[in-house]
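This report introduces a protein structure to a reader who meets it here without prior knowledge. It proceeds from local details to the whole chain and then to the empty spaces and ring pairs.

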Amino acid sequence: MQGIHSTVHNFLNEIMGVSSREELDEIASRYKQQLGEADGDGTMLWEDILTLGKELIYLKTGSDDETGRGLMATLSEQEVIELREADRILDNNLFSYHYQPIVSVATGDIYSYEALMRPQSDILKSPLGVIKYAELKNRLNDIQKATFLNVLGVIDADPSFFHKKMLFINSIPKTVLIGDDRLRVDDLLLKHNGSIVVEITEQAELKGEEFQSFKNRLERLNVQTAIDDYGTGYSNVRNLLRYMPDYVKIDRSLLTGISDDPKKRHFVREIIEFCHSNGILALAEGVETSDELRAVILLGADLIQGFYTARPAAEPLESIPYDIRQEMKNYLHERQEGMASQVYDPDSGEHMDLSRLVENNTSCILIGRDGDYSVSGNPKLDAEVLIEIADDVKVDLMLENVRLTNKKKLPCIEIGKNSEVTLFLKGDNRLNMGGIRVPEGSTFTLAGDGELHITLDGEEYFGIGNGITAYHGRLIFNHEGVLNIVTSGTIGVCIGSGYGGEINISSGQFALEMNGDRALGIGVLYNDCNLDITNADINIELNTIKGVAIGSTSANDKLTISNSSVKLYMSGKEAVGLGSVTGENSEVYVHDASVVMNAHNDRCSGTGALDGKTSFKIERASMRIYAKGEKVLPFGGFSGDTDLSFVDSDTTVKIMTDMKLREYLPPDRIDIVHGRARVVLNGFEYELKD
C-alpha cells in the first residue's frame with residue numbers, strides 16, 4: 001500500500017505542472033504501469049486518478065499567465081454544454097468539408113479550392129465555435145490533425161475529386177503534431193505537394209524559432225504557402241518579407257465598401273504591387289458584390305474568392321457561372337485597356353462587317369446563342385477584337401479575310417465550355433499573337449477551302465487546342481485549305497495541349513513551323529498521345545532545343561498515318577519526328593502514305609521513343625530519311641528496345657553519325673516482307689538484316 005501512495009503522490013505532483021492533454025497522456029502512460037505493478041491490476045484506481053488529472057487540466061487550460069486557473073469557472077451553462085460537444089466532435093472526428101472555388105482573373109476558370117471545415121453537430125454548428133473551445137482546452141493540435149488527415153485523405157483516395165486543381169488547407173502554425181500523426185501528415189503532404197497550399201493565418205504571430213521551424217518543414221516538403229487574412233493583425237511589410245509566401249489572401253475587412261473608400265483602395269493597391277514585385281500572387285478574399293469584384297480586378301488582383309463568384313459546396317464545382325466569368329473578363333479588359341470593354345452580341349444568322357465593328361470601338365464579339373454567324377474583313381484591317389463563344393451553344397461561324405490580333409497574347413478565338421463550334425474558312429484569314437482555345441468538353445471543327453495563318457510567340461503558347469497545363473476538347477480537321485502555324489517561344493504546341501484530348505485529322509493541308517526551346521507540332525506535351533491522321537498533307541519544320549513533330553514530348557504515343565503525305569524538317573539539339581522524346585513506349589504505324597524526313601540534330605530519332613521501347617511498322621508506303629548528327633537514329637531509341645516491320649514498302653535511309661546502328665537496331669527484331677529497306681551509313685551501304 002505504501003508503494004501505491006508513493007506512486008499516486010508522485011503522479012499528482014508531476015501533473016500539477018501540466019497544461020495540455022498531450023503532456024498528461026505522456027506522464028500517465030508511465031504511471032499506469034507502475035500502479036499495475038504496485039497493486040495487481042490497478043485498473044480501478046488508475047481510472048479514478050486519471051479522471052482527477054483530467055479535471056486539473058480542465059482547470060488550467062485557457063487560463064491567464066498569472067493565476068494559471070480560472071477561466072473554466074466563468075463558463076455559462078450553455079457554454080459548458082458547447083464545450084462538451086466540442087470534445088465529442090474532436091474525439092469522434094465529426095467533421096465534413098465544403099470547398100470554395102478560387103478563381104483566376106486572367107481566365108475566369110477555377111484555379112483552386114479552399115477546404116472549409118463543417119462540424120457535424122446540431123449544438124455546435126460553427127467551426128469557429130469548435131476552434132474556440134479547442135483552444136480553451138489546449139486541443140488545437142486535434143483540430144490541425146483532423147483537418148490535414150481528413151482533407152489530404154480525400155486527395156489520396158481520389159486525386160480527380162478536385163478536377164486536377166490545387167487545394168488550400170488552413171493551418172494553425174503554433175500547433176505541433178508529434179509522433180505518428182506528424183509522420184502521416186508529412187507523408188501525405190510530400191506525396192501531394194504539387195496540389196497543396198498551406199494557409200498561415202496572418203494574425204498568428206509566431207516567435208522566430210517557432211516560425212522558422214514551421215517554414216523549414218513546409219520548404220522541406222516542397223509545399224506552397226499562403227498568408228491568410230492579410231490586413232488584420234500584424235499587417236506590415238516585415239511580416240511579408242519574413243513569410244515570403246506564394247500567395248497573399250487580402251482580408252475581407254479591406255474589401256467591404258472598397259469602391260467608395262479611396263484609403264482602402266490605396267492600401268490594397270500597395271499590397272498587390274508589393275506582391276507582384278516579389279513574385280507573389282494576390283488573392284482577394286471574401287468578394288461579395290459586383291462593385292467589389294470590379295474594384296479588386298482594376299487594382300490588379302490575380303485571384304478571387306467569395307460568395308459573388310462561387311459559394312462553398314460539398315462537391316467541388318467544375319466552373320463558375322458564365323455571366324460571372326464574362327463580367328470578370330470585362331473588368332480585366334478595362335484594367336488592361338483603361339476603358340470598359342465594348343461587347344457586340346450578334347443575332348443568329350447575322351453577317352458582321354469587321355471594319356464597322358472597329359469603328360464602333362468593339363473589342364469583343366460575344367456569340368451567346370445557337371446559330372449561324374459570319375464575319376468578314378479585308379487584308380488591310382488588323383483588328384484587336386476577340387471572338388468569344390459562350391458555354392453550351394452550337395455555332396457555325398464563317399471567317400472571310402479576317403485578321404485578328406491579341407496583343408496580350410491571349411486567344412483570338414475563345415470557345416466556351418461544352419460548346420460545338422464549326423469554323424468555316426474563306427479567303428485569307430490571320431490570327432496574330434493568339435490562337436483558338438478549345439477547352440475540355442467542347443468540340444471544334446475546322447472546315448472550308450480558305451486559309452488560316454496563326455502567328456504565335458511568348459513564353460507559353462498554343463495554336464489550336466489549349467494551354468500547356470490544360471486538357472483540350474475534341475479537335476476535328478475537315479478543311480480543304482491551308483492551316484499555317486508559325487511559333488517562337490519557350491514552350492508550346494501548334495495543335496493540341498499540355499495534357500491532351502482527342503485530335504481527329506481526316507483532311508487538310510498543314511504547314512507548321514516551330515522555333516524556340518521546347519515545341520510540339522501535333523499531339524500532347526505531357527500525357528499519352530493516341531492519334532490517327534488520314535488524307536492529310538503535312539509539312540512541319542522544327543527548329544528547337546527539344547521537340548517532337550507528331551506525338552508526345554514526355555509520355556507514350558500511338559500514331560497511325562495513312563493516305564497522307566508527311567514532310568518533316570528538324571534541326572536543333574534533341575528531336576523526334578514521329579514518336580516521343582522521354583516516353584517509355586512508342587507505336588507508329590504508317591500505311592498507304594509517303595513520309596520524308598530531313599534531320600540535323602545532336603540527338604534524334606526519325607520514329608519511335610528516343611529512350612524507350614519502339615514498335616514501328618510501315619506497309620504499302622514510301623519513306624525517305626536523311627539525317628546527320630552525333631547521335632542519330634532513323635528508327636527506335638537508345639535503349640535498343642526496337643521492333644521494325646517493313647511490308648510491301650520502299651524505305652531509304654541516308655545517315656551520317658558516329659552511332660553503331662547494330663547496337664540499337666538488332667537484326668533479329670527486324671522483319672522485311674517484300675519491298676526494300678535500304679540504309680546508307682556514312683556513305684556506305686548498311687544491311688539491316690544479316
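Which residue takes a positive phi just after α11? The residue is Gly 300, with a phi of about 110°. This value, like those that follow, comes from a predicted model.

**Helix α11 and its surroundings**

Helix α11 covers residues 290-299, and its buried residues are Glu 292, Leu 293, Ala 295, Val 296, Ile 297 and Leu 299. The cover over these buried residues includes two helices, α10 (262-277) and α12 (322-337), together with the strands β7 (281-285) and β8 (303-305).

**The protein as a whole**

The protein contains 14 helices and 39 strands. It has 690 residues, of which 53% count as buried. Among contacts with a separation of 6 or more, 71% join residues 24 or more positions apart. The accessible surface amounts to about 30100 Å², and carbon and sulfur atoms account for 47% of that surface.

**A pocket and a cavity**

Rolling a probe the size of a water molecule over the atoms shows where empty space is left. Two such spaces are set side by side below.

| Space | Volume | Nonpolar lining residues | Polar lining residues | Charged lining residues |
|---|---|---|---|---|
| Second largest pocket | about 1100 Å³ | 15 | 10 | 11 |
| Largest cavity | about 40 Å³ | 7 | 2 | 1 |

The second largest pocket is lined by 36 residues, and those nearest its centre are Glu 114, Leu 128, Ile 131, Asn 170 and Asp 228. At least two lining residues of this pocket come from each of the strands β1 (95-104), β2 (110-119), β4 (196-201) and β5 (224-230), and likewise from each of the helices α5 (127-136) and α6 (140-157).

The structure holds 1 cavity of 30 Å³ or more. The lining of the largest cavity is made up of Gln 144, Phe 148, Ser 171, Leu 177, Val 185, Leu 189, Val 198, Phe 214, Arg 217 and Leu 218. Helices α6, α7 (179-191) and α8 (208-220) each contribute at least two residues to this lining. The largest share, 3 residues, is that of α8.

**Aromatic pairs**

A pair of aromatic rings is described by the distance of the centres and the angle of the planes. The structure holds 13 aromatic pairs. One of them joins Phe 161 and Phe 162 in an edge-to-face arrangement, with 5.0 Å from centre to centre and 85° between the planes. Both Phe 161 and Phe 162 are buried. Another pair, between Tyr 471 and Tyr 499, is tilted, with 5.4 Å between the centres and 55° between the planes. This pair links distant parts of the chain, 28 residues apart: Tyr 471 is in the loop between β21 (451-465) and β22 (474-477), while Tyr 499 is in the loop between β23 (482-497) and β24 (503-505). Tyr 471 counts as partly exposed at 23% relative accessibility, and Tyr 499 is also partly exposed, with a relative accessible area of 30%. Elsewhere, ring pairs link Tyr 99, Tyr 113, Phe 161 and Phe 162 into a cluster.

**A buried loop residue**

Ser 649 is located in the loop between β35 (642-647) and β36 (650-656). Why does Ser 649 count as buried? Its relative accessible area is 4%, and a residue is buried because this value falls under 20%. Apart from neighbours within four places in sequence, Ser 649 is in contact with Ile 618, Arg 620, Ala 621, His 674, Gly 675 and Arg 676.

Conventions. Residues are numbered from 1 along each chain as its sequence is written. This is a predicted model: local features need pLDDT of at least 70, side-chain atom pairs count only at pLDDT 80 or more; totals for chains, interfaces and linings use all residues. Side-chain values use heavy atoms; hydrogens and water are left out. Helices (H or I, at least four residues) and strands (E, at least two) are DSSP runs, numbered from the N terminus. Buried means under 20% relative accessible area, exposed over 50%, partly exposed in between (1.4 Å probe, protein chains only). Contact means heavy atoms within 4.5 Å. Accessible areas come from the Shrake-Rupley method with a 1.4 Å probe; for residues, only the protein chains shown count as cover. On a 1 Å grid over the protein atoms alone, a cavity is a set of points where a 1.4 Å probe fits but cannot get out, and a pocket is an open set with protein on both sides within 12 Å along at least five of seven lines; lining residues have an atom within 4 Å of a point. Grid points are joined across faces, edges and corners, and a volume is the space filled by probe spheres set on the points. Ala, Val, Leu, Ile, Met, Phe, Trp, Tyr, Cys and Pro count as nonpolar, Asp, Glu, Lys and Arg as charged, and the others, Gly among them, as polar. Rings of Phe, Tyr and Trp (its six-membered ring) pair if their centres lie within 6.5 Å; planes under 30 degrees apart count as stacked, over 60 as edge-to-face and the rest as tilted.
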